Amino acid sequence: MMEPGLNHILFVSILLFFIGVYGFFTRRNLITMLMSIELILNSVNLNFIAFNKYLWPGKMDGLFFSIFVIAKKSSID
Amino acid sequence: MWSLSKIASSIHEWLSSTFNPTITQVIEMVIAGVSIIGLFAVLGLVLVLMERRVAAWIQIRLGPNRVGPLGLLQSMADTVKLLVKEGLTPNGADKFLFNLAPFIAMIVAMLLMAPIAFAKDFQLWDLNIGVLYVSAVSSIMVISILMAGWSSNNKYSLMGAMRSGAQIVSYELSAGLAILSIVVLTGSLQVSTIIQSQADGWWIFKGHIPAIVSFVIFMIAVTAETNRAPFDLAEAESELTAGFHTEYSGMKFALFFLSEYVNVFIVCAIGATIFLGGWMPFHIGHWESFNHIMDYIPSSIWFFGKTFMLIFLIMWFRWTFPRLRIDQLLNLEWKYLLPISMLNLLIMTAIAILGWHF
Amino acid sequence: MMSGSTILFYLLATLIISCGVLSVLTRQIFRAAIYVLFTLIGIAGMYFWLQYEFLAAVQIVVYVGGIIVLIIFSIFLTQQAGEKLAKQQLDRKIFAGLAAFCGFALTIVQVLQHGFKMGTETPIVPTVENIGQRMLDVNNSGYAFPFEIVSILLLAALVGCIVIALRSKPEVNLK
């Protein structure tokens with residue numbers, strides 16, 4: 001066990017992304033496919049935030065991208 | 001003078017002088033958790049008794065008067081009865097979710113306790129988005145109701161859960177807007193800053209008519225959000241037996257019951273914090289001597305006094321208004337409360353920009 | 001000796017991953033929604049852990065209070081309690097698992113090989129004031145324009161919903 005850093009968060013978000021992809025391919029029901037898309041979008045958001053926090057801490061662009069992704073997702077639903 | 005913050009800081013000093021920092025933190029977390037659970041138990045006992053007494057007083061009868069002196073031990077007896085009852089799980093229910101739902105309701109109520117300031121400098125977690133945190137976490141509450149309704153495998157429960165879902169999701173909006181209209185004035189979401197900004201008068205007096213309007217909207221919306229009469233469609237006993245907790249018995253039912261009362265306490269505490277100054281004593285502008293006299297009353301008494309006054313108000317609603325129909329309920333929110341609170345927010349923003357408030 | 005924040009990180013990561021896996025594997029649709037909910041709460045906790053409190057609160061308000069409730073409502077209206085989803089075909093499962101695994105392996109190798117340059121600037125604290133000022137800034141690469149675009153998108157979605165809801169039902173002949 002190491003001190004968690006950027007790579008740990010990236011690992012979690014990539015794993016979550018491909019869990020979502022697996023769900024999207026296997027599910028045949030529209031509602032469950034929508035849930036898989038939620039997982040994918042959330043992993044992307046986590047990625048944005050992790051990059052913002054560790055690589056460009058002086059900016060907030062990743063944060064705004066995440067907020068816009070959330071807003072768009074809610075409008076799609 | 002006796003105060004909660006002094007007790008807390010002396011405990012902290014004693015712990016940090018005896019143990020190393022990590023263990024001190026762990027012990028303090030345990031103390032906080034245990035005292036929150038203790039507060040829950042006390043609130044449950046007090047509020048149940050208070051509800052029955054208020055109901056009796058409004059209906060001109062005596063209320064519980066057999067168990068203990070003046071019936072004060074009635075809610076204790078009820079607790080024992082609920083504890084020894086058998087917890088049934090209906091046939092065909094989704095057992096995992098059925099058992100999980102009351103605990104989620106309880107955990108959410110516990111999480112909501114974190115940013116509430118009970119007395120001067122006495123707060124568990126003063127995070128910088130305090131009020132937003134409360135309205136965010138309280139929206140998880142609806143999940144436990146939906147979960148209970150679905151997993152009971154009962155038509156009444158499902159109907160109750162759907163009604164309460166529609167109700168909570170829509171009334172959250174106007175409660176949020178009412179909170180926001182005060183946040184516009186303070187310019188901060190942090191609970192301690194909001195309380196400090198009321199040192200020269202509470203916002204309900206300083207914010208002119210828009211503050212009073214948003215206070216009224218807030219009280220209506222939180223009454224609906226906590227599923228209390230006249231908005232108790234989720235458990236309308238004459239139509240749906242008991243709504244989403246029809247199938248629950250024993251301790252699991254008690255958890256739902258307790259979380260309802262704790263939620264009433266929490267929303268009233270938030271209302272008291274935002275509109276009535278939290279633990280801040282009643283101050284008027286620059287009347288120094290008057291303010292000084294008011295400061296002699298301990299801050300915790302101010303906080304609990306305001307909170308219980310609002311709780312009494314909500315209990316008063318219950319015996320005053322008849323229950324709304326579902327379409328009337330949604331009309332009230334979407335056609336009246338939401339437009340009014342949006343307009344109110346606009347007026348409040350104008351007041352804040354022009355500096356018209358006191 | 002691990003510090004509290006390390007333990008918290010691993011707990012949150014375990015919650016996110018395990019609930020994500022369960023949500024795509026379970027055959028009860030309502031349970032899938034609940035597992036997705038726990039994943040989203042875990043991600044909100046991760047934002048708290050990264051000290052982006054505002055985003056965490058937005059995540060909980062929008063996802064838990066809005067989207068998951070909508071999904072649960074659509075489950076209530078279309079599915080039967082106690083019914084299970086149809087079993088997935090084995091070849092589809094193998095194909096999807098293989099695709100996901102290969103994609104995962106490819107990406108993780110890329111990430112581990114790429115040396116990220118850690119930022120050295122003084123960090124901005126993402127308080128509500130900072131976020132609001134940058135969001136509505138029209139000059140220094142602020143986000144006022146995307147903000148307006150998103151609000152138009154939301155308005156369009158609202159109008160679309162109302163149009164769909166207003167569409168009168170065709171007369172049904174009961175006989």
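How far apart are the end C-alpha atoms of helix 4 (residues 95–112) of chain B, and what should its 18 residues span? In this predicted model, the ends sit 27 Å apart. At 1.5 Å a residue the expected span is 26 Å, so the two values agree. The helix does have a kink, though: a bend of about 30° lies at B:Ala101, shortly before the proline B:Pro102.

Both of those residues turn up again among the buried ones. Helix 4 of chain B buries B:Leu97, B:Phe98, B:Ala101, B:Pro102, B:Ile104, B:Ala105, B:Val108, B:Ala109 and B:Leu112. An α-helix has 3.6 residues a turn, so residues three or four places apart point the same way. As for what these buried residues pack against, the partners within chain B are helix 5 (130–137), helix 6 (141–151) and helix 12. Helix 2 (29–49) of chain C joins them as a partner from another chain.

Helix 12 of chain B, residues 250–275, matters for another count too: it gives 16 residues to the largest nonpolar core, the most of any element. That core holds 153 residues, and the members touching the most others are B:Ala221, B:Ile266, C:Ala33, C:Ala57 and C:Ile68. Take B:Ala221: setting aside neighbours within four places in sequence, its contacts are B:Tyr171, B:Ser174, B:Ala175, B:Ala178 and B:Leu337.

Chain C, then, deserves a look of its own. Its elements are 6 helices and 0 strands, running α-α-α-α-α-α from the N terminus on. For 175 residues, a compact globule would have a radius of gyration near 16 Å, whereas chain C comes out at 22 Å. The C-alpha trace of chain C spans about 75 × 45 × 30 Å along its principal axes. Buried residues account for 29% of the chain. Of the contacts in chain C between residues at least 6 apart in sequence, 46% link residues at least 24 apart.

How do the chains meet? There are 2 pairs of chains that touch, and chains A and C share the most contacts. Here 49 residues of chain A are in contact with 66 residues of chain C. On the chain A side, helix 1 (6–26), helix 2 (30–54) and helix 3 (61–76) each supply at least two residues, with the largest share, 16 residues, coming from helix 1. By class, that side of chain A has 31 nonpolar, 12 polar and 6 charged residues. Chains A and B, on the other hand, are joined by no contact, and their closest C-alpha atoms lie 14 Å apart.

How values were computed. Residues numbered from 1 in each chain as written. Chains lettered and ligands numbered in written order. Predicted model: local features only at pLDDT ≥ 70, side-chain atom pairs only at ≥ 80, totals over all residues. Contact = placed C-beta atoms within 7 Å. Helix = DSSP H or I, 4+ residues; strand = E, 2+ residues; numbered from the N terminus. Nonpolar A, V, L, I, M, F, W, Y, C, P; charged D, E, K, R; others polar. Rg over C-alpha atoms; globule rule 2.2 N^0.38 Å. Buried ≥ 20, exposed ≤ 12 C-beta atoms within 10 Å, placed from the backbone. Core = buried A, V, L, I, M, F, W, Y, C linked by C-beta atoms within 7 Å. Expected span 1.5 Å × (residues − 1). Bend = angle between axes of the 7 residues up to and from the residue.
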